[in-house]
Amino acid sequence: MDLTTPVFAPPAAPLKAAVILGSNREGRFGPVVAEWFLSRTAGHPGVETDLIDTADSEPPSVPRPADIAARLARADAFVVLTPEYNHSYPAPLKHLIDRHYTEWQAKPVAFVSYGGISGGLRAVEHLRQVFAELHAVSLRDTVSFHQAGALFDGRGGLKDPAPTDAAAKTLLDQLVWWGLALREARARRPYRG
């Protein structure tokens with residue numbers, strides 16, 4: 001075996017990740033988290049993102065549901081950005097998830113959560129159950145912002161970026177691995193969920 005030849009070739013096409021912003025409340029903190037996360041993906045090789053904002057899809061008749069379905073179907077992977085409301089995730093996110101089915105199948109889902117003392121982790125645990133029912137693969141590692149408002153400065157930058165930047169890198173590395181593996185598997189053998 002020639003040890004100078006790489007075992008795995010780089011992907012022919014970047015991983016297409018739909019980043020879903022789950023809150024539509026007035027005064028929401030989600031856009032700050034989304035901007036931070038998208039800046040992390042910009043520096044990660046092999047990831048191409050498409051931001052889907054639930055605020056753009058309310059009321060349900062406004063954003064052309066076929067357009068969202070097509071965007072979800074094109075995605076190789078998903079990153080759900082969710083706050084925690086009353087120990088769970090927001091209704092607009094549930095609405096977006098439930099309007100679609102095959103678009104989620106055999107694709108990885110990662111979570112970035114934010115909130116108070118729990119950092120949105122209770123919302124993530126509920127979402128894991130929902131995505132399992134939809135035949136999606138949820139990633140173990142998450143990025144979680146506990147007491148999120150206190151972690152960012154007035155310009156939307158993290159006061160101490162090192163821990164969450166490291167967590168985001170781990171999450172993105174795992175998302176790329178799972179996303180490429182499942183994309184290849186779906187190409188070889190269509191998933192019948």
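G22 touches T54, L81, P90, P92 and L93, leaving out residues up to four places away in sequence. That is a good place to enter this predicted model. G22 sits in the loop between β1 and α1. Its relative accessible area is 0%, so G22 is buried. The C-alpha atoms of G22 and I52 are separated by 8.7 Å, although their positions lie 30 residues apart along the chain.

Next comes S23, in the loop between β1 and α1. S23 counts as buried because its relative accessibility is 0%. What does S23 touch, not counting residues up to four places away in sequence? The list is R28, D53, T54, A55, P83, Y85, P90 and Y114. Y85 has a further partner: the charged end of R25 sits over the ring of Y85, 3.6 Å from its centre.

Now step back to the whole protein. There are 6 helices and 6 strands. Read from the N terminus, the elements run β-α-β-α-β-α-β-α-β-β-α-α. The protein has 193 residues, and buried residues make up 44% of them. Take the contacts with a separation of 6 or more: residues 24 or more positions apart account for 82% of these.

Helix α1 covers residues 30-42. Its 13 residues reach 18 Å from the first C-alpha to the last, close to the 18 Å expected at 1.5 Å a residue. Which residues of α1 are buried? They are G30, V33, A34, W36, F37 and T41. Why do they fall on the same side of α1? They cover an arc of only 165° around the axis, and that puts them on the same side of the helix. A general rule helps here: an α-helix has 3.6 residues a turn, so residues three or four places apart point the same way. On the other side of α1, E35 and A42 are exposed.

Something must cover that buried side. The cover of the buried residues of α1 includes the strands β1 (15-21), β2 (47-53), β3 (77-83), β4 (108-115) and β6 (143-146). Helix α6 (162-188) is also included.

The side chains lead on to the core. The largest nonpolar core has 26 residues. Those with the most contacts inside this core are W36, F37, V79, L81, V112, F145 and L175. Elements giving two or more residues to this core are β1, α1, β3, β4, β6 and α6. The largest share, 5 residues, comes from α6. V112 shows how the parts meet. Leaving aside neighbours within four places in sequence, V112 is in contact with V33, F37, V79, V80, L81, T82, V143 and F145. Apart from this core lies another, of 22 residues, among them I20, L96, A123 and L127.

Aromatic rings come next. A search of the whole structure finds 9 aromatic pairs. In one of them, the rings of F111 and F131 have their centres 6.2 Å apart and their planes at 50°, so the pair is tilted. F111 lies in strand β4 and F131 in helix α4 (residues 121-133), so the pair ties together parts that are 20 residues apart in sequence. Are F111 and F131 buried or exposed? Both F111 and F131 are buried. Another pair joins F145 and F152: the ring centres are 5.3 Å apart and the planes stand at 50°, so this pair is tilted. F145 and F152 are buried too. One aromatic cluster is formed by F29, W36, F37, Y114, F145 and F152. W36, F37 and F145 also appeared among the residues with the most contacts inside the largest nonpolar core.

Finally, look at the backbone. N86 is not a glycine, yet it has a positive phi of about 50°. N86 lies in the loop between β3 and α3 (91-98). Its relative accessible area is 72%, so N86 is exposed. A106 is not a glycine either, and has a positive phi of about 55°. The place of A106 is in the loop between α3 and β4. Is A106 buried or exposed? With a relative accessible area of 8%, A106 is buried.

How values were computed: Residues are numbered from 1 along each chain as its sequence is written. This is a predicted model: local features need pLDDT of at least 70, side-chain atom pairs count only at pLDDT 80 or more; totals for chains, interfaces and linings use all residues. Side-chain values use heavy atoms; hydrogens and water are left out. Helices (H or I, at least four residues) and strands (E, at least two) are DSSP runs, numbered from the N terminus. The expected span of a helix is 1.5 Å times one less than its number of residues. Buried means under 20% relative accessible area, exposed over 50%, partly exposed in between (1.4 Å probe, protein chains only). The arc is that of the directions from the helix axis to the C-beta atoms. Contact means heavy atoms within 4.5 Å. A nonpolar core is a set of buried Ala, Val, Leu, Ile, Met, Phe, Trp, Tyr and Cys residues joined through side-chain atoms within 4.5 Å. Rings of Phe, Tyr and Trp (its six-membered ring) pair if their centres lie within 6.5 Å; planes under 30 degrees apart count as stacked, over 60 as edge-to-face and the rest as tilted. A charge sits over a ring if NZ of Lys or CZ of Arg is within 6 Å of the ring centre and within 35 degrees of the ring normal.
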